[in-house]
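Take a look at the sequence and the fold below. Keep both in view as you read.

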Amino acid sequence: MSTCNHGSSVHRVKPRTLGCEECLEIGQGWVHLRLCRECGHVGCCDDSIGHHATKHFQQTGHPIIEGYDPPEGWGWCFVDETIVELPNQTPHPGPIPKFY
């Protein structure tokens, strides 16, 4: 298993939206949500059409996301391509809009 040295980018964040920010804006559906643990951006996973969580990483360099629908408790580092332990779980203010 790879190691990750990006723990300093993990913060307690407030999710900026209840669902994927970009998908909600354009009326597009998603499969799963991911939460940026640096800024609170909510994006869709790579199984979704938009790949908005990955695109957010590519645009910002924010490396750590949290599985977020409902909060799943795991983290992922895009830079090191590995699962990371998070110091806490971000509660979802719900209800999560459902798009499939």
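This report covers confidence, strands, nonpolar cores, one helix residue and the cysteines.

## Confidence

This is a predicted model. The mean pLDDT of the protein chain is 91. Of its residues, 95% reach 70 or more.

The elements vary in confidence. Helix α2, residues 52-60, has the highest mean pLDDT, at 98. Strand β4, residues 71-77, has the lowest, at 89. Where pLDDT is low, predicted coordinates should not be read in detail.

## Strand β1 and its partners

Start with strand β1, which spans residues 33-36. Leu-33 and Leu-35 point one way from it. Arg-34 and Cys-36 point the other way. All four of these side chains are buried. In a regular strand the side chains alternate between the two faces of the sheet.

β1 has strand β2 (residues 42-44) as an antiparallel partner, over three bridges. Within this pairing, Val-42 of β2 is the bridge partner of Leu-35. The two strands form a hairpin with five residues between them. There, Gly-40 takes a positive phi near 90°.

β1 also pairs with strand β3, residues 64-68. These strands run antiparallel too, joined by three bridges. Here Cys-36 stands opposite Ile-65 of β3.

## The β4 and β5 hairpin

Strands β4 and β5 pair in the antiparallel sense over four bridges. Trp-76 has Ile-83 in β5 as its bridge partner. Four residues lie between the strands of this hairpin. In the turn, Glu-81 has a positive phi of about 50°.

Strand β5 covers residues 82-85, and its side chains alternate. Thr-82 and Val-84 point to one face and are buried. Ile-83 and Glu-85 point to the other face and are not buried.

## Nonpolar cores

In soluble globular proteins, nonpolar side chains tend to be buried together. The largest nonpolar core in this model has ten residues. Its members are Val-13, Cys-20, Cys-23, Trp-30, Leu-33, Leu-35, Val-42, Cys-44, Tyr-68 and Ile-96. β1 and β2 each supply at least two residues of this core. Apart from this core lies another, of five residues. Val-10, Ile-64, Cys-77 and Leu-86 are among them.

Val-42 is worth a closer look. Leaving out residues up to four places away in sequence, its contacts include Leu-33, Leu-35 and Tyr-68. Val-42 also touches Pro-15, Arg-16 and Glu-21, among others.

## Glu-21 in helix α1

Is Glu-21 buried or exposed? Glu-21 has 18% relative accessibility, so it counts as buried. The cut-off for buried is under 20%.

Glu-21 is found in helix α1, which runs over residues 21-26. Beyond residues up to four places away in sequence, Glu-21 touches Arg-16, Gly-40, His-41 and Val-42. Gly-40 is the residue with positive phi in the hairpin of β1 and β2.

## Cysteines

How many disulfides does a search of the whole structure find? It finds zero. For Cys-4, the nearest cysteine sulfur is that of Cys-77, 3.6 Å away. A disulfide needs two cysteine sulfur atoms within 2.5 Å, so Cys-4 is in no disulfide. Cys-36 is in no disulfide either; its nearest cysteine sulfur, that of Cys-39, is 3.7 Å away.

These two cysteines fall into separate accessibility classes. Cys-4 counts as partly exposed because its relative accessibility is 23%. Cys-36 has a relative accessible area of 2%, so it is buried.

How values were computed. Residues numbered from 1 in each chain as written. Predicted model: local features only at pLDDT ≥ 70, side-chain atom pairs only at ≥ 80, totals over all residues. Heavy atoms only, no water. Buried < 20%, exposed > 50% of the residue type's maximum accessible area, 1.4 Å probe, protein only. pLDDT = per-residue confidence, 0-100. Pairing = 2+ DSSP bridges. Core = buried A, V, L, I, M, F, W, Y, C linked by side-chain atoms within 4.5 Å. Contact = heavy atoms within 4.5 Å.
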